[in-house]
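Hello,

I am passing on the structure we talked about, followed by notes on what turned up in it. Please look it over before you set anything up.

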Amino acid sequence: MSLAEARPASPAVFSRIAPGRLMWIAVLIATIVLVMLPANALPAWAWKYPLAWQVPFGSWISAFMKWLMESASFGFFTVHDFTRAIAWTLDLPLQFAKSVFATGFIQGQGSDAVVILPAIPWFAMIVLSVAAGYAVGGLALGLQMGFGLAYLAVFGQWDSAMVTLASVLVASLFGAAGGLLVGLACVRWRWLERIVSPLLDVAQTMPVFAYLLPMLILFGFGPVSAMVATVIYALPPMVRVTIVAIRAVPEEIRSLGLMTGCTRRQITWKMLVPSALPALMVGVNQVIMLSLNVVIIASMIGAGGLGWDVLTALRSLNIGKGLEAGLAITVLAVLLDRFAQALAVRSGAAVQGQSTGRRNILIGGLGLGLALWAAAAISQPLAVYPEAWKLSTGAFFSDIVSWINVNFFSTLEAIRTGVLLNVLIPVKRFMLALPWPWVVAVIALAGYRLGGWRLALTVGLMALFPVVVGLWPTTMITVYLTVVSVVLSALIGIPIGIASAQRPKLWRVVEAVVDTLQTLPSFVYLIPIVMLFRVGDFTALIAIVLYAVAPAIRYTAHGVARVSPHLVEAGAMNGCTRGQILKRIRLPLALPEILLGVNQTIMLALSMLVITALVGTRDLGQETYSALAKADVGRGLVAGLCVAFIGMVADRLISAAAGRMRARMGVEA
Amino acid sequence: MAHPILAARGVAKLYGANAARFVRDGRFSGTSEELAQAGVTAAVRDVDITIERGETFVIMGLSGSGKSTLVRCLAALTPPSAGEILFEDKDLNRMAEGDLIQIRRHQMGMVFQHFALLPHLTVLGNVAFPLDVQGMKKPEREAKALEMIKLVGLSGRESRFPRELSGGQQQRVGIARSLAVGPDLWFLDEPFSALDPLIRREMQDEVLRLQDMLKKTIVFITHDFDEAVRIADRIAIMKDGRIEQIGSAEELVLRPATDYVRAFTRDAPRAKILTARSIMSPPDPAADYAGVVGASARIAAFARKIEEAEKPFAVVDEGEVVGKVDRRAVIDVLIGRESADQAA
Ligand SMILES: Nc1ncnc2c1ncn2[C@@H]1O[C@H](COP(=O)(O)OP(=O)(O)O)[C@@H](O)[C@H]1O
Ligand SMILES: [Mg+2]
């Protein structure tokens, strides 16, 4: 306003631009000027935060952990004893699951070891899975389970896959049950929700590496630490889903509970949980998929299984082996996802009639499976998948990759260098040239415009955190890779979303692809890309875009397709062309949803970014990863918090913007 | 008379941050202006009602008038902000939680507007649910539930799931479930509002039939005056959280206490509401009657008879002639004309 008043000479121009937009144009210009300023134009601390001002959170945390594990005591026993006792307890179910699926029950040590009961042999497992798949999702699912598991056996991935499966099942069990309980408690006590909710935000945006480390210190190196980290990572969505699902149970059902004289416990377990079950199962599905994702990553702290195979293959550049294990992970992921989804659908529609037939098949399958297991226990050599029947595609994949590299090396290299020189490096330079006080101020300003003082303070403080811990440049490198990959994802995803929103046939194909992309553990993406482009920022960029593009597509398609048909008809009656309807009606109305899609893309990009530390990026992911290698808890956690805060700043600002847009359009959130 | 099954004394239910300001010593006071200024909604206020054993008490009012809030207070689903609810002379909100649970398990039943059927249970499971909660053994409760299912005419559908039934059938399940524990006091909160008009009539008949058999005390909520008239012994008309008037349908039509009640009852089917007593004129000792009608017979029941006869009918009460009705008096009611006698 003040600008417009100050320049009466050009009112026509300025009165048409909203004052808010004018302000942002000014901010943009100022930013460009700041970046181009010579190095001595501002005091040095604006670029390089002085060491003397840093707050050594990292050392404090490390010192605290050291004290906790070495000196802290509850009186009769030390914290160390306590955590090891927990680890031992948690180890029991894990060992049990591993014995059932992978190793068998063994007594004695070393060469005296006697197998009491072997693990479920591959053929029994296939029979059991086919029966379970058929009972839950019909013939199609049963067949998928059968072929999927057969693939694992034939291509020699069986043992590792079963170790992974055992970890995933146990972690999912704890994650789902824990999430359910925490969620129920949050519904019961609102103050608890207020405490838990921000913790969930941090847990969801924190890089996995960052909390593997404290787990290692608390629970020791090994599968239990990996499992605890996995459970913590997989728990938040279950808590969220539980809160929403239980709250969504109609008030009348609660009243019914009171009127029939239910106790609190009866209301919860006989009414609320069962009637919310279909929604809860969606949460369980997410828990399973997240668990798989982390179990793969956590293999580097001793979870073993397929993740370990990939990791060793990547380290030794054994292309074929890496791809094989990656494919096995993919198969496992798809099977778990299909099964969990079918379970969710089924809990929603317990269709009668069919179910007795299916139950018989299930019981028959179970019986046969157990009988086969027993047979294998009696004649143990039977249980092992014969070497002679194994196929290996490793050499084949290696050949393909080397063929591509031989024939297309120069093309691939040209693409890589082109993007690096023209996009990645300039953006990186720009980001690093920004003075931190300016960036923090602009973020706080955006917070103020979108949500008032509270939001300004929240995002401002979060943005300040990397500065005071002395990780500003590393954070900016993270931001740069995130920005580039999110922009690229949006440029690819939004048009695909728009195109498929109005074409059901295309959408079916796109949805299948997007679904698969989202089921795969992030780790898997790295394998083929590293083989083609070696390590570095460009590889990271492609992996991130592949992983993070899905929500941009999905939310755009939903948003555009969901626009009320009345409005579209009204537009058509006003003589809009198809293009005009899209541009003037569908897109503006879908914008809030598209924004939320971009928000999700940012979150996925950050989580993938951290994984790409494995291929040698130099950002916060690398910081947490190398802290993990050096067992420096404080450093790892602080860097992890920086990543979490980047995600949370973006999330808060974008959600506020989308909320405001929706409110302005009068659309329900 | 001495022991009403349910009574509300000075009950108010307020919503809003400043609600506490309007309650002193458990009593509500405040004008509508003061409430509005403080941003407080008085969903229910100043309600005094006494419900007798065995009667069908209908609470009627437009949407938002506070009916559900009142019935939730009566059933102790929400504590009132002021006043007390007495069930058999005991204050429901002061008793130990265990006692309240016992009362609900054995003496109260409720039917909900949106049925509130549990989606994961079959018809049988839903009807047996209140018994299950009490810890009754499976064979016993299922036998009892089957009996209830038969009572509401759903035999053969025991193993269906709620979503496989029509709206009317779902509400029959709701009714069977609420009756399974053999309650003395039966709450129905707009039980048929979500149903189509034809089904609604059928369900009203069902309630009348059940009431005829079971003789419960019924608290029935509706926004439909015709429905109230069909079912009620007494009707309470609510507006803005207050009860405007309580009385039989006939009393409301003949002697509306406020303009609101008058407006509400204006289009009521008078022939079905008014009795011979209310339209009769003083008896004429010398008259020659065509026949007799009972004093409490509804006009709709005898209108045709009178229309066809030339001479008036005698109105008798306990064997005595207390008045006479002629063709004109009946026609006045049927065409909605204010008759000279009534105005007097
Ligand atoms: N939990 C609540 N919080 C705030 N206001 C409420 C609540 N429940 C009911 N009200 C208000 O009380 C009034 C009466 O509501 P209700 O009893 O549901 O009316 P009815 O059942 O007659 O349609 C309405 O104005 C409603 O907005
Ligand atoms: Mg209501």
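**Ligand 1 and its surroundings**

A polar side-chain atom of B:T69 sits 2.4 Å from an oxygen atom of ligand 1. Taken alone, the ligand exposes 560 Å², and the protein buries 58% of that. Please keep in mind that this is a predicted model.

The backbone also takes part. A backbone N or O atom of B:G66 is 3.0 Å from an oxygen atom of ligand 1, and a polar backbone atom of B:K67 lies 2.9 Å from an oxygen atom of the ligand.

The residues around ligand 1 are B:Y15, B:A43, B:L62, B:S63, B:G64, B:S65, B:G66, B:K67, B:S68 and B:T69. By type, this shell divides into six polar residues, three nonpolar and one charged. Which helix gives the most to the shell around ligand 1? Helix 2 of chain B, residues 67-74, does so with three residues.

**The contact between the chains**

Chain A brings 20 residues to the contact and chain B brings 27. Together the two chains bury about 2000 Å² between them, and 63% of that area is on carbon and sulfur atoms. Which three residues of chain B supply more of the area it buries against chain A than any other three? They are B:R104, B:F112 and B:F129, with 22% of that area.

**Annotated domains**

The following names come from UniProt, in both cases from an unreviewed entry.

- Chain A: UniProt places "domain: ABC transmembrane type-1" at residues 157-340 and 475-654. In the model, residues 475-654 are 87% helix and 0% strand, and the end C-alpha atoms of that span lie 20 Å apart.
- Chain B: UniProt places "domain: ABC transporter" at residues 23-265. This span is 42% helix and 23% strand, with its end C-alpha atoms 34 Å apart.

If you start with the ligand, the polar atoms to look at include the side-chain atom of B:T69 at 2.4 Å and the backbone atom of B:K67 at 2.9 Å.

Regards

Key. Residues numbered from 1 in each chain as written. Chains lettered and ligands numbered in written order. Predicted model: local features only at pLDDT ≥ 70, side-chain atom pairs only at ≥ 80, totals over all residues. Heavy atoms only, no water. Near = heavy atom within 4 Å. Polar contact = N/O pair within 3.5 Å; in protein donor to acceptor, adjacent residues only side chain to side chain. Areas by Shrake-Rupley, 256 points an atom, 1.4 Å probe, with all protein chains shown as cover. Helix = DSSP H or I, 4+ residues; strand = E, 2+ residues; numbered from the N terminus. Nonpolar A, V, L, I, M, F, W, Y, C, P; charged D, E, K, R; others polar. UniProt positions renumbered as here; feature names shortened; annotations may be inferred. Contact = heavy atoms within 4.5 Å. Buried area = accessible area lost by both parts, 1.4 Å probe.
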